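Dear colleague,

Please find below the structure that I am handing over to you, together with its sequence. A short account of the findings follows.

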Amino acid sequence: MTLLVAGALGFLGLAALCLSLGRHHQALWPNPPTRRRAIGLRVAGWALIALSLGAALHIDGGVFGPVHWLGSLIGADLLLVVTLSYRPRALVWMAALAVAITLGAALA
């Protein structure tokens with residue numbers, strides 16, 4: 001459960017950080033991000049990464065939580081790198097799936 005929640009939140013955070021960059025933003029939308037959107041994506045990205053750490057610490061405690069968090073963050077990062085390299089448009093439905101996983105785990 002920890003890997004799913006922390007991984008999904010980490011994936012969303014890393015995706016927001018990537019989309020704050022002009023190159024990755026233009027892979028999905030025709031224009032580079034405005035300054036306000038880029039700052040908003042960066043703030044959201046770091047907040048989601050911090051939230052994923054909080055979820056891992058809450059579920060697994062202070063001993064194993066950071067270890068599981070780093071593992072899930074590395075897995076999410078690898079998935080994001082492959083997705084942005086080969087099929088950047090797939091990021092849209094993958095982000096929606098990550099939101100669904102996070103909400104489903106929060107309600108369970």
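I should like to begin at the surface of this predicted model. A nonpolar patch is formed there by Leu 4, Trp 93, Leu 97 and Ile 101, and their accessible area together is about 410 Å². Helix α4, which covers residues 90-107, supplies the largest share of this patch, namely 3 residues. Trp 93 is one of the residues of the patch, and it lies in helix α4. With a relative accessible area of 54%, Trp 93 counts as exposed, because the cut-off for an exposed residue is over 50%.

Turning to the chain as a whole, the secondary structure of the protein chain consists of 4 helices and 0 strands. The pattern along the sequence is accordingly written α-α-α-α. The protein chain has a radius of gyration of 14 Å, close to the 13 Å given by the globule rule for 108 residues, so it is as compact as a globular protein of that length. The C-alpha trace of the protein chain spans about 45 × 25 × 25 Å along its principal axes.

As regards burial and contacts, 38% of the 108 residues in the protein chain are buried. If one takes the contacts in the protein chain between residues at least 6 apart in sequence, 67% of them join residues at least 24 apart.

Finally, the accessible surface of the protein chain amounts to about 6,600 Å². Carbon and sulfur atoms account for 72% of that surface.

Yours sincerely

How values were computed:
Residues numbered from 1 in each chain as written. Predicted model: local features only at pLDDT ≥ 70, side-chain atom pairs only at ≥ 80, totals over all residues. Heavy atoms only, no water. Helix = DSSP H or I, 4+ residues; strand = E, 2+ residues; numbered from the N terminus. Rg over C-alpha atoms; globule rule 2.2 N^0.38 Å. Buried < 20%, exposed > 50% of the residue type's maximum accessible area, 1.4 Å probe, protein only. Contact = heavy atoms within 4.5 Å. Areas by Shrake-Rupley, 256 points an atom, 1.4 Å probe, with all protein chains shown as cover. Patch = residues over 30% accessible without salt bridge, like charges linked within 9 Å, V, L, I, M, F, W, Y side chains within 5 Å. Salt bridge = Lys/Arg side-chain N within 4 Å of Asp/Glu carboxyl O.
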